[in-house]
Amino acid sequence: MNQKEFDLLLDAAKMICGHLEKTALVSGCRRFLRQYMPVDAISLGFISLGNETILQMNDIIAPDQAPLTRGVCLGKKSIKTVFSLDDASPAIIRSGPDGNDPVNELFLRAALQPKCSGMVMKIKADKGKTGIVFIFSQAGYHYTFQDAEIFSLCSRLLDFTNPGPGTGSVFGCTPVPEEKKIFSDLDIIGKDTGLKPVMARVRQVAGFNSPVLLLGETGSGKEVIANAIHYGSPRAGFPFVKVNCGAIPEDLVDSELFGHEKGSFTGAICRRKGKFEQADTGTLFLDEVGELPLPVQVRLLRAIQTGEICRVGSEHPVNVDIRIICATHRDLRQMVAQGAFRDDLWFRLAVFPIHIPPLRHRPQDIESLVRYFVRKMAVEMNLDHIPEISPKGLARLQGQLWPGNVRELKNLVERTLIRRGRDLGRKTMLDFDALPLTAAPFSQDLTAQICKNHGLKSLDHVMAGHIRSVLCHTQGRIEGPKGAAAILALHPSTLRSRMKKLGIPSFQN
């Protein structure tokens, strides 16, 4: 299963597997599928493997409609067709009646309307029974093979067989791989060590709808923390839409975020929902929010404040219910002072900032990260064993500055395995001495280069970064025996004065 398939499966699981009751289950399937294709109705039915000729079906046509329960009489030919369908391989119905196509005949017997097209798929059920799922679309739309691939994902979740002991599955649904469970079981590397203060703040804010601003250097793990906030919130079962604001061309930002109407500009051949509408009832993650142009910042502020957006080419507002999480590696307060970022938007987004420390400030996490990357990549590269890491190699990694943070560490592990993976014997250990790494932390030339890359051009910058790290560790507390002032050996009023001078906001918990 590739990453795209897994992401789709996870989205489906959150919408479908939260329901044990059949009606809600069918509705969840329809809601998931409608994100990717037209689904005017969906039917879930079961038939026994004996002489029973009635297919008992539960139909959902609209989310607020009472389910229609009905029986469809099947002849021997149709029953044989049901049992001959491939598991998890949908059959696409593209045309009208065809006496030579038994799948088409089966579909027409189950169809709610005389003129419709759709797909049919067999699923596993209790012993002695077979399940079958139909989806219907109005005439004029024909499902594609891409639609069928998405539809087939449902079969991995709609498994009504009895789960074996310890599977952890819901009504027998396929269990999600251990390392990819949602936040309640997610093992965030460093959550009990270098990221412990960060995770404490995540747990504080996850249950609310307040905006969250994630601050940290590139590659430090802001998206991982955004995942943790969403999947630890009441919105976990609803859409989680991610947008990289720095990757959208400036002339397409409005269309990407807010959508557009048909004919609103050249190439707008149909109405399109933007990221705000796609995230309705869920969470919208705006990565690199500091890259947004000033005019878009105005519309973003209005959307957050009013809960309304307007598609490009439309004057009619659309209501959206979303939770905003933003992330940036840039100094937004400095951008506000320079006029590159709106101050009103800054204050709106910075309700609950979370600073993610760079990897060089949490070397205790490096061993766990390296072992995770080695294990994951060894499996992806089909190596016959998981290489071990030598103590010397680990010490070498822990002595680096890592200007690219976790992403740089991951790339280094991958390069090492590419160069040496096939030649590694079971007794050979990774020592990471064959590749050019950054020099030791005490190199003045390297330190100057790192400072230049990250804008640390003065003692004030260095001091501000250290104070922010300590405040993150104390969860914003300044006073008291465990407060930032005690750790920094400063009087609380002196620390506050210095924070004000350096432009560091006080977010007391």
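A search of the whole structure, which is a predicted model, identified 15 salt bridges. One of these joins the side chains of Arg299 and Asp254, with a nitrogen-to-oxygen distance of 2.8 Å. This pair connects distant parts of the chain, since Arg299 belongs to helix α10 (residues 294-306) and Asp254 to helix α8 (residues 253-258), with their positions 45 residues apart in sequence. Arg299 is partly exposed, its relative accessible area being 38%.

Helix α8 also contributes Glu256, which forms a salt bridge with Lys275; the closest N and O atoms of this pair are 3.5 Å apart. Here too, distant parts of the chain are linked, in that Lys275 lies in helix α9 (residues 275-278) and Glu256 in helix α8, 19 residues apart. The two partners differ in their accessibility class: Lys275 is buried, with a relative accessible area of 16%, whereas Glu256 is partly exposed, with a value of 22%. The assignment of Lys275 as buried follows because 16% falls under the 20% limit for that class. A further salt bridge is formed by Arg342 and Asp344, whose closest N and O atoms are separated by 2.8 Å. Both residues of this pair are partly exposed, Arg342 at 29% relative accessibility and Asp344 at 27%. Shared partners among the salt bridges unite Glu256, Arg272 and Lys275 in one network.

At the level of secondary structure, the protein comprises 19 helices and 15 strands. Of its 509 residues, 46% are buried. Among contacts between residues at least 6 apart in sequence, 67% join residues at least 24 apart.

The packing of helices was examined for α13 and two of its partners. Two packed helices are described by the angle between their axes and the distance between the axes. The axes of helix α13 (residues 366-380) and helix α15 (residues 405-420) come within 10 Å and cross at roughly 45°. The two helices are therefore oblique to each other, and α13 passes α15 in a right-handed crossing. On the α13 side, the contact is made by Ile366, Leu369, Val370, Phe373, Val374, Met377 and Ala378, and on the α15 side by Val406, Leu409, Lys410, Val413, Glu414 and Leu417. Classified by residue type, this contact contains 11 nonpolar and 2 charged residues, with no polar residues. An α-helix has 3.6 residues a turn, so residues three or four places apart point the same way.

Helix α13 also packs with helix α14 (residues 391-398), at an angle of about 115° and with the axes 10 Å apart. The crossing of α13 with α14 is likewise right-handed. In this contact, Ile366, Glu367 and Val370 of α13 meet Leu394, Leu397 and Gln398 of α14. The residues involved comprise 4 nonpolar, 1 polar and 1 charged. Ile366 and Val370 of α13 are listed both in the contact with α15 and in that with α14.

Two residues with positive phi were noted in this part of the chain. Trp402, situated in the loop between α14 and α15, has a phi near 50°, a positive value in a residue other than glycine. At 1% relative accessibility, Trp402 counts as buried. Asn405, which lies in helix α15, has a positive phi of about 60° although it is not a glycine. Asn405 is also buried, with a relative accessible area of 0%.

Burial was further considered for helix α6 and for Ser233. Helix α6 (residues 196-205) has 7 of its 10 residues buried, so the helix is largely enclosed by the rest of the structure. The buried residues of α6 are Pro197, Val198, Met199, Ala200, Arg201, Val202 and Val205. These residues pack against both helices and strands, namely α7, α17 (459-473), β7 (212-215), β12 (323-328) and β13 (353-355).

Ser233 is located in the loop between α7 (222-231) and β8 (240-244). With a relative accessibility of 9%, Ser233 is classed as buried. When neighbours within four places in sequence are set aside, Ser233 is in contact with Ala206 and Arg323.

Methods:
Residues are numbered from 1 along each chain as its sequence is written. This is a predicted model: local features need pLDDT of at least 70, side-chain atom pairs count only at pLDDT 80 or more; totals for chains, interfaces and linings use all residues. Side-chain values use heavy atoms; hydrogens and water are left out. A salt bridge is a side-chain nitrogen of Lys or Arg within 4 Å of a carboxyl oxygen of Asp or Glu. Helices (H or I, at least four residues) and strands (E, at least two) are DSSP runs, numbered from the N terminus. Buried means under 20% relative accessible area, exposed over 50%, partly exposed in between (1.4 Å probe, protein chains only). Axes are lines fitted to C-alpha atoms, for helices over the stretch in contact, and angles run from 0 to 180 degrees between N-to-C directions. Angles under 35 degrees count as roughly parallel, over 145 as roughly antiparallel, 65 to 115 as roughly perpendicular and the rest as oblique. A crossing is left-handed if the near helix is turned anticlockwise from the far one by less than a right angle, and right-handed if clockwise. Contact means heavy atoms within 4.5 Å. Ala, Val, Leu, Ile, Met, Phe, Trp, Tyr, Cys and Pro count as nonpolar, Asp, Glu, Lys and Arg as charged, and the others, Gly among them, as polar.
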